[in-house]
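Reader: I am new to this structure and would like to know how its descriptions are justified. Could you show it to me and take my questions?

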Amino acid sequence: MAVEAQRKLPPLREVIAAHGLQASKALGQNFLLDEQLLDRIAAIPGSLSGQPAFEVGPGPGGLTRAILRAGANIVAVERDDRCLPALGELAEAFPGQLRVISGDAMQVDARAEAGEGAHIIANLPYNVGTALLIGWLSAPWTPLPWWSTLTLMFQMEVAERIVAKPGGDHYGRLAVLAQWRSEPRIAMKVHRSAFTPPPKVMSAVVHITPTEAPEGVELKHLERLTAAAFGQRRKMLRQSLKGLPGALDALEVVGIDPQRRAETVSVEEFVAVARVLGGAAQARG
Ligand code: SAM
């Protein structure tokens with residue numbers, strides 16, 4: 001059924017020409033038109049047959065087609081109304097598999113719209129990509145988040161910050177947030193020439209699988225800790241954490257030398273300090 005419907009679809013370049021979808025820089029539009037590449041991206045989360053999926057920014061629908069071909073049921077949010085007729089045609093070609101919401105993904109309740117267990121897959125607009133990722137990574141974990149996996153295209157520099165290990169300039173708050181209860185990896189590097197129009201920088205697809213959260217740690221304590229530590233990343237922890245009540249004591253409890261700098265502290269060490277901080281805050285009432 002899906003394959004037959006797909007045969008009727010015109011090439012993406014024709015869709016763009018027919019609907020006048022010249023890319024808008026303000027909307028972060030860099031379209032992917034290579035259907036083989038799109039199929040490879042849609043294969044990253046594993047089998048999508050019959051699975052719920054959530055896509056941000058389908059645009060002319062290239063990645064959407066690939067996710068539909070993989071058999072998922074998609075809810076997609078697009079801010080550019082010019083794309084709606086083309087997406088309507090796609091919804092007709094894959095009956096019952098695609099629902100498009102016209103709006104801003106930052107305002108949409110993805111969980112309510114896409115449902116529990118959805119795979120989030122998107123070639124994200126660069127201007128809201130990191131904010132959306134932080135929102136998904138900050139969801140309640142009970143014992144896992146509402147989404148199953150994240151498969152997201154970012155500018156390479158952002159992808160490197162997500163998967164960074166201690167010791168380098170890329171390592172910071174985003175790495176800790178992405179790694180303390182999930183496993184991110186760069187699944188595919190994508191050359192700038194694959195996009196229309198090509199962006200200035202290279203891109204990468206990051207795949208994130210959630211894991212059970214370490215016990216006894218609340219996100220808010222980890223966030224306060226990493227905000228303070230990386231807020232002054234060149235300073236020693238004894239300086240950067242001075243203003244955070246209980247933090248220097250917590251370092252001592254965990255056995256972390258306060259002369260170290262934030263970029264040398266592993267995710268596990270941050271988690272251990274945040275656990276002690278949380279316990280101390282609770283004891284203070
Ligand atoms: N998915 C298409 C592809 O891969 O070719 C388009 C990707 S393009 C990088 C980003 C898309 O996100 C554009 O279609 C743009 O209009 C849309 N977009 C930008 N800001 C958005 C927002 N806040 N909410 C929803 N969609 C947005």
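Author: Here are some questions and answers about the ligand, the overall fold and two peptide bonds.

Author: This is a predicted model, in which local features need pLDDT of at least 70, side-chain atom pairs count only at pLDDT 80 or more, and totals for chains, interfaces and linings use all residues. Residues are numbered from 1 along each chain as its sequence is written, and side-chain values use heavy atoms, with hydrogens and water left out.

Reader: Which residues are the closest to the ligand, and what makes a residue near?

Author: A residue is near a molecule if one of its heavy atoms lies within 4 Å of it. The ligand is surrounded by 20 residues, with L32, G57, E78, D104 and N123 the closest. That shell holds 8 nonpolar, 7 polar and 5 charged residues; here Ala, Val, Leu, Ile, Met, Phe, Trp, Tyr, Cys and Pro count as nonpolar, Asp, Glu, Lys and Arg as charged, and the others, Gly among them, as polar.

Reader: What makes a pair of atoms a polar contact?

Author: The two must be N or O atoms within 3.5 Å. A side-chain N or O atom of Q29 is 2.9 Å from a ligand oxygen, so this pair meets the cut-off. L32 offers a polar backbone atom at 2.8 Å from an oxygen of the ligand, and a backbone N or O atom of R79 is 3.4 Å from a ligand nitrogen. Of the 600 Å² that the ligand exposes when taken alone, the protein buries 99%, by the Shrake-Rupley method with a 1.4 Å probe.

Reader: Which elements give two or more residues to the shell around the ligand?

Author: They are β1 (31-32) and β3 (73-78). Strands (E, at least two residues) and helices (H or I, at least four) are DSSP runs, numbered from the N terminus. By that rule the protein has 13 helices and 9 strands.

Reader: Why does the radius of gyration agree with a compact globule?

Author: The rule, over C-alpha atoms, is 2.2 Å times the number of residues to the power 0.38. For 285 residues this gives a value near 19 Å, and the protein has 21 Å, which agrees. The C-alpha trace spans about 65 × 35 × 30 Å along its principal axes.

Reader: Where is the cis bond from T142 to P143?

Author: Its omega is near 0°, and P143 lies in the loop between α7 (129-137) and β6 (149-155).

How values were computed: Polar contact = N/O pair within 3.5 Å; in protein donor to acceptor, adjacent residues only side chain to side chain.
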